[in-house]
Amino acid sequence: MNYAIEELLRPNIVSLIPYSSARSEFCGAAEVFLDANENWRDFVGNKGRNRYPDPRHRALKAKIEEVLHLRCDRLVIGNGSDEIIDLLFRICCVPDRDKVLVMSPTYGAYQVFADINGIAVSDCPLKDDFTVDMSRFQTICDLIDAGSPATGMHKLLFLCSPNNPSGNSIPLKQIEAIATRFKGITVVDEAYHEFSQEPSAVELMDTCPRLVVLRTLSKSWALANARVGMIVAPQRIVEAMEKTKYPYNLSGVVQELAIEALGHSQEVFASVKEIIAQRGMLAEQLQTYSFVEEVFPSDANFLLVRVDEPSKLYRFLLEKKIIVRNRSSVRGCFGCVRITVGSVQENQQLLQALDQWEAQS
Ligand SMILES: *Cc1c(COP(=O)(O)O)cnc(C)c1O
């Protein structure tokens, strides 16, 4: 028996009567706004900074629908994907009772937000080549199904595709099989989707009713500073999140900035192409070094590279003022550093430093 979405939400969230702000109660056209105790003056440029922003992010959602082809009415916008991940825990998981499932090594935020919310994390580790261990997954699901819901349910399964830090995608067919087997909500984090050839899991939402997809403007859209993340989800989840989030979770400044960035889609798509080309060039060059054991295939804007003496290499690069991510102590990533694909010039600077490291080691 599969769970209905309703059974996967916390009872206190289902019954929650949300805070109703002045800006959400009134949404028609008016001239005189005396409903929100704002100052009638705007001291910083007459851009309406004295007014509360739209808590429903309607203009931004319309722009996202136009540019990213994600349905307005299935979207919730968060203060970064971080907020969306935290909200998923808050609307679904009962603290000190429910659990979630991850496939390590993966994005560290899932574990951190689980810890903050008092939720235990079960792991179905990826295989050595970072592909999903389907037989282990089946076994874990059998065990989960045999347990009593009263002692805690596995409410969420996090799949990161392309995965951070390994860079590989999970094939869509496999995501479909996983989401069909798992009885809770399958969360597909597509933060790096634009750098991949794999189709989006949004396509599966008709056949997989408990599947949700995360996107962000932090990577390909070059807006990490503004903090804009989003989820595409079934209506019941959208409603639960909209009433649980801070009413004004995105400032007006950020909503306007995001709309502006989405207006630059042609430049963004061109820059994604360039990053993909640089990723190929970097992967090829990295393979020529004797201290490089393996460059893992990447569908993202970074490369995971297994090297001899990763910590020494990390410190050497730091002396050259180049920071990479040392992942060598992460389970499943022994010996690995994660390198973001930079500009042509930054990548050349990295390769020059690595030439020196090769010469002296
Ligand atoms: C970078 C990244 C995000 C984006 O997080 P924001 O809070 O939107 O900046 C989400 N998921 C993964 C796996 C990431 O690597």
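Student: In this predicted model, which exposed residues does the face of α6 turned away from its buried side carry?

Tutor: That face carries Ser 135, Leu 143 and Ala 146. Exposed means over 50% relative accessible area.

Student: Which residues of α6 are called buried, and what makes them so?

Tutor: Phe 137, Ile 140 and Cys 141 are buried in α6. The cut-off is under 20% relative accessible area.

Student: Why are they placed on the same side of α6?

Tutor: Because they cover an arc of only 100° around the axis, they sit on the same side of α6.

Student: How do you know what span to expect for helix α6?

Tutor: Take 1.5 Å times one less than the number of residues. Helix α6, residues 134–146, has 13 residues. Its first and last C-alpha atoms are 18 Å apart, close to the 18 Å expected.

Student: Now the ligand. What makes the pair formed with Asp 189 a polar contact?

Tutor: The cut-off is 3.5 Å between N or O atoms. A nitrogen atom of the ligand is 2.7 Å from an N or O atom in the Asp 189 side chain, so the pair counts as a polar contact.

Student: How do you know whether the Lys 219 pair counts or not?

Tutor: An N or O atom in the Lys 219 side chain is 3.3 Å from an oxygen atom of the ligand. That is within 3.5 Å, so this pair counts too.

Student: How much of the ligand does the protein cover?

Tutor: The protein covers 94% of the 390 Å² of accessible area that the ligand has on its own.

Technical notes:
Residues are numbered from 1 along each chain as its sequence is written. This is a predicted model: local features need pLDDT of at least 70, side-chain atom pairs count only at pLDDT 80 or more; totals for chains, interfaces and linings use all residues. Side-chain values use heavy atoms; hydrogens and water are left out. A polar contact is a pair of N or O atoms within 3.5 Å; within protein, one must be able to donate a hydrogen and the other to accept it, and residues adjacent in sequence count only if both atoms are side-chain atoms. Accessible areas come from the Shrake-Rupley method with a 1.4 Å probe; for residues, only the protein chains shown count as cover. Helices (H or I, at least four residues) and strands (E, at least two) are DSSP runs, numbered from the N terminus. Buried means under 20% relative accessible area, exposed over 50%, partly exposed in between (1.4 Å probe, protein chains only). The arc is that of the directions from the helix axis to the C-beta atoms.
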